[in-house]
Amino acid sequence: HGQMTIKLISRQGLPLKIKAEWTEDVYTNQDRYGNIKTVDVKGWLVRINGKKYPRDNYGDDGIDWTYRWTAPNTEEGRHTAIERSLSQAGLEL
């Protein structure tokens, strides 16, 4: 799918630049005992005016930026992820 940038104006009159990207990443975590585990993360990473969504997910070490929207990797899933991000940002179209 690649990246696609959408430009919209919110109901509040704020210009929005929205970028939704499907990501498939593998993160390696090491716990305090030296055990290493890998985590596959697949999902949508949405940026609204450069700010990453989903946000405010906290792990053991503070903010966890590995979270993704888990809507399917389809056009419909992309819209779902964007809608969830707008909602989390408190924005309406």
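Which residues does A71 touch, not counting residues up to four places away in sequence? They are W22, W44, G77, T80 and R84. The model is predicted, and this report starts from A71 before turning to the rest of the chain.

**A71 and its surroundings**

A71 sits in the loop between β6 and α1. Its relative accessible area is 4%, under the 20% cut-off, so A71 is buried. R84, one of the residues that A71 touches, lies 13 residues away along the chain. The C-alpha atoms of A71 and R84 are 9.9 Å apart.

**Overall architecture**

The chain contains six strands and one helix. Read from the N terminus, the order is β-β-β-β-β-β-α. The C-alpha trace spans about 50 × 25 × 15 Å along its principal axes. Of the 93 residues, 28% are buried. The exposed area of the chain is about 6400 Å². Carbon and sulfur atoms supply 46% of that area. Contacts between residues at least 6 apart in sequence were also sorted by separation: 49% of them join residues at least 24 apart.

**The nonpolar core**

The largest nonpolar core holds 14 residues. I18, V46, I48, I82 and L86 have the most contacts inside this core. Three elements each supply at least two of the core residues: β2 (15–30), β3 (36–48) and α1 (75–88). L86 also has a contact list of its own. Beyond residues up to four places away in sequence, L86 touches L16, I18, I48, L91 and L93. Two of these partners, I18 and I48, are named with L86 among the residues with the most contacts inside the core.

**The largest pocket**

How many residues line the largest pocket? The lining has 17 residues. N29, K37, D60, D61 and D64 lie nearest the pocket centre. The space inside is about 560 Å³. By class, the lining divides into five nonpolar, six polar and six charged residues. β2, β3 and β6 (62–63) each contribute at least two lining residues. β3 gives the most, with four residues. β2 and β3 thus appear in two lists: they supply the largest core and the lining of the largest pocket.

**Three loop residues**

Loops hold several further points of interest. The table sets out the place and accessibility of three loop residues.

| Residue | Loop | Relative accessibility | Class |
|---|---|---|---|
| A71 | between β6 and α1 | 4% | buried |
| N57 | between β4 (51–53) and β5 (58–59) | 19% | buried |
| N49 | between β3 and β4 | 43% | partly exposed |

N57 counts as buried because its 19% falls under the 20% cut-off. Leaving aside neighbours within four places in sequence, N57 is in contact with G62, I63, D64 and Y67. D64 is also one of the residues nearest the centre of the largest pocket.

N49 is partly exposed because its 43% lies between the 20% and 50% limits.

**Backbone exceptions**

Most residues other than glycine have a negative phi, and most peptide bonds are trans. Where does the chain depart from this pattern? N49 has a positive phi of about 50 degrees, although N49 is not a glycine. The peptide bond from Y53 to P54 is cis, with omega near 0 degrees. P54 belongs to the loop between β4 and β5, and N57 is placed in that loop too.

Conventions
Residues numbered from 1 in each chain as written. Predicted model: local features only at pLDDT ≥ 70, side-chain atom pairs only at ≥ 80, totals over all residues. Heavy atoms only, no water. Core = buried A, V, L, I, M, F, W, Y, C linked by side-chain atoms within 4.5 Å. Buried < 20%, exposed > 50% of the residue type's maximum accessible area, 1.4 Å probe, protein only. Contact = heavy atoms within 4.5 Å. 1 Å grid on protein atoms, 1.4 Å probe; cavity = no way out; pocket = protein on both sides within 12 Å on 5 of 7 lines; lining within 4 Å. Points joined across faces, edges and corners; volume = space filled by probe spheres on them. Nonpolar A, V, L, I, M, F, W, Y, C, P; charged D, E, K, R; others polar. Areas by Shrake-Rupley, 256 points an atom, 1.4 Å probe, with all protein chains shown as cover.
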